[in-house]
Structures are given as structure tokens and as C-alpha cells.
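Reader: I would like to learn how to read the features of a model such as this one, beginning with its charged pairs. Could you take me through them step by step?

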Amino acid sequence: MRLRNKPWAKDKIAAYPQHVIPDPEAQRGRWHELFGNDGPIHVEIGTGKGKFLTEMGRLHPDMNFIGIELYPSVLVSALDKLIESGLPNVKLLNANAKDLTAFFAEGEVARIYLNFSDPWPKKRHEKRRLTHRGFLSLYERVLAEDGDIHLKTDNQSFFEYSLVSLSQYGFVLAAVQLDLHRSDVVGNVMTEYEEKFSLKGNRIYRCEAVRPP
Ligand code: SAM
């Protein structure tokens with residue numbers, strides 16, 4: 001994601017603690033209380049400008065959505081969408097996914113979305129890929145027994161790497177689409193990157209992987 005620095009972003013985020021949760025560690029094991037319902041908790045890692053998350057929140061009022069984004073300058077765009085929509089079932093975290101287990105208790109999360117994650121193509125950066133086994137072990141800990149990961153990308157190498165990494169770790173591949181937009185998947189909600197890259201003619205890959213039994 002090309003980053004335009006917005007020096008005011010951190011202050012704006014701090015002004016909306018009802019939307020961007022300032023102390024996610026304090027909510028660990030208590031997210032259902034915060035949302036005020038027992039609906040499933042879905043987490044998008046690397047939520048970017050928040051189009052997917054807010055559309056999902058609007059379409060599924062009975063579910064809860066939490067978006068995690070590293071960069072304040074990106075997250076403010078997601079915050080703007082949340083302010084405008086006022087969705088009570090969507091929250092944002094300005095945080096790094098490597099701290100996931102500090103934010104969520106074991107089994108607290110029903111689904112993790114990895115949408116157009118940075119591919120980090122160089123071998124020396126492999127550990128930064130969000131489907132590296134180091135991250136998969138965090139996902140395994142926070143996911144419910146039947147919890148799963150939904151992944152989309154236009155990067156074939158990253159997709160192949162992810163399929164192998166997920167399978168080797170013990171996640172069970174429940175669905176694989178090699179061309180999402182020409183598949184029978186219904187109700188797909190597009191992300192910002194998905195719109196941009198599919199308009200360029202790129203093929204979109206998708207898979208669903210269930211937590212190791
Ligand atoms: N998901 C969005 C989409 O599909 O339009 C954004 C995709 S963008 C390529 C990847 C995003 O993931 C960036 O905004 C980046 O800052 C964020 N990101 C990368 N690594 C992260 C991490 N470890 N924790 C939280 N966010 C991360």
C-alpha cells in the first residue's frame with residue numbers, strides 16, 4: 001500500500017475510541033461483552049482502508065467485525081467509513097498482527113480474513129508473510145475449534161506459498177478458487193485492492209482453510 005503520511009492521523013484515531021479500540025489487550029476474552037451480543041467475531045488482518053470490513057458489517061448485522069491495521073495513515077480512511085456508517089458491529093485496531101494473542105483469548109475468533117496481504121517476495125522476508133507458520137501458530141491459538149481463514153490475493157506466488165504453508169501446518173483446505181470472479185462463489189465483497197487489480201485484468205485467487213483438528 002502506497003503510504004501518504006498523515007501526521008494528524010494518530011490524533012484523529014485517538015479522538016474516536018468507540019471505533020478504534022485504544023486498549024485491545026484489556027478486551028482480551030471480553031469482545032462479546034464489548035459488542036453486547038454473542039454473534040461470531042471475524043477479524044480482518046491488514047484491513048487497509050476498510051471497504052471490505054464496513055461492507056461486511058453492513059451486510060451481516062448479526063456478526064461482529066474487527067479490522068487490524070498497522071499504519072495510522074491508512075487506518076484513518078477505514079475510520080472515516082466507520083464514522084459515516086456508524087456500524088455498531090465493526091471495530092478497528094491500530095496494531096500489529098504479531099500481537100494477536102495479546103488481543104484475543106483462545107478460541108475467541110470465528111474467522112480470520114487475509115485480504116491481499118503484502119507478499120514479501122524476498123526469501124529473507126519470508127517470516128513477515130501473514131501465512132508464514134509463525135503467524136499460523138497465532139491464528140491457531142485464537143481461532144475457535146471450527147474456526148477458519150479466508151484468504152484472497154492476486155499474487156500467484158504468494159497464493160501458492162500460502163496453500164503449502166497452510167497445508168503443512170495442518171490447516172484443512174476447504175475451498176480453493178483459482179479465478180474467484182469466474183467461480184460459483186456468491187456474495188463476494190470486494191476489497192480496495194481487489195477492485196484495483198481485477199480492473200487491471202488480474203486474476204483473483206481465494207481459499208478457505210479450517211483450523212487444524
Ligand atoms: N486488505 C486491504 C485490501 O485488500 O484492499 C489492504 C491490502 S494492503 C496490500 C495490506 C495491508 O496490510 C496494508 O495496509 C498493511 O499496512 C497491512 N499490514 C501488513 N502487515 C500487517 C501486520 N503485521 N499487522 C497489521 N497490518 C498489517
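Author: A salt bridge is here a side-chain nitrogen of Lys or Arg within 4 Å of a carboxyl oxygen of Asp or Glu. Please keep in mind that this is a predicted model.

Reader: How many salt bridges does a search of the whole structure find?

Author: Side chains of opposite charge can pair when their charged atoms come close. In this structure the search finds eleven salt bridges. One of them joins Asp 80 to Lys 12, with the closest N and O atoms 2.6 Å apart. Because Asp 80 belongs to helix H4 (residues 72–85) and Lys 12 to helix H1 (residues 9–14), this pair ties together parts that are 68 residues apart in sequence.

Reader: Are Asp 80 and Lys 12 buried or exposed?

Author: Asp 80 is partly exposed, at a relative accessible area of 37%, and Lys 12 is likewise partly exposed, at 24%. Another salt bridge is formed by the side chains of Asp 179 and Arg 182 (3.1 Å, N to O), and there Arg 182 counts as exposed, its relative accessibility being 68%. Salt bridges with shared partners also join Lys 51, Glu 55 and Glu 195 into one network.

Reader: With which residue does Glu 208 form a salt bridge?

Author: The partner of Glu 208 is Arg 206, and their closest N and O atoms are 2.7 Å apart; both Glu 208 and Arg 206 are buried. Arg 206 is found in strand E7, and its relative accessible area is 10%, which means that Arg 206 is classed as buried, since the cut-off is under 20%. The side chain of Arg 206 also makes a polar contact with the side chain of His 150, at 3.5 Å. If residues up to four places away in sequence are set aside, the residues that Arg 206 touches include Leu 151, Phe 159, Val 176 and Val 185.

Reader: Turning to the nonpolar side chains, which residues have the most contacts inside the largest nonpolar core?

Author: In soluble globular proteins, nonpolar side chains tend to be buried together. Here the largest nonpolar core has 34 residues, and those with the most contacts inside it are Ile 45, Leu 93, Leu 100, Phe 104, Ile 112, Tyr 139 and Ile 149. Helix H6 (residues 133–142) gives the most to this core, contributing five residues. Tyr 139, when its neighbours within four places in sequence are left aside, is in contact with Ile 45, Leu 100, Ile 112, Leu 114, Leu 130, Ile 149 and Phe 171. A second, separate core has 17 residues, among them Ile 13, Phe 52, Val 76 and Leu 92.

Reader: How should I read a helix, and which residues of H7 are buried?

Author: An α-helix has 3.6 residues a turn, so residues three or four places apart point the same way. In H7, the buried residues are Phe 158, Phe 159, Tyr 161, Ser 162, Leu 163, Ser 165 and Leu 166, and they pack against H6, strand E5 (143–153), strand E6 (172–177) and strand E7 (205–210).

Reader: How far apart are the end C-alpha atoms of helix H7, and what is found at the start of H7?

Author: At 1.5 Å a residue, the 14 residues of helix H7 (residues 156–169) should span 20 Å, and the end C-alpha atoms are indeed 20 Å apart, which agrees. At the start of H7, a side-chain oxygen of Asn 155 comes to within 3.1 Å of the backbone nitrogen of Ser 157, while just after H7 Gly 170 takes a positive phi of about 120 degrees.

Terms used
Residues are numbered from 1 along each chain as its sequence is written. This is a predicted model: local features need pLDDT of at least 70, side-chain atom pairs count only at pLDDT 80 or more; totals for chains, interfaces and linings use all residues. Side-chain values use heavy atoms; hydrogens and water are left out. A nonpolar core is a set of buried Ala, Val, Leu, Ile, Met, Phe, Trp, Tyr and Cys residues joined through side-chain atoms within 4.5 Å. Buried means under 20% relative accessible area, exposed over 50%, partly exposed in between (1.4 Å probe, protein chains only). Helices (H or I, at least four residues) and strands (E, at least two) are DSSP runs, numbered from the N terminus. Contact means heavy atoms within 4.5 Å. The expected span of a helix is 1.5 Å times one less than its number of residues. A polar contact is a pair of N or O atoms within 3.5 Å; within protein, one must be able to donate a hydrogen and the other to accept it, and residues adjacent in sequence count only if both atoms are side-chain atoms.
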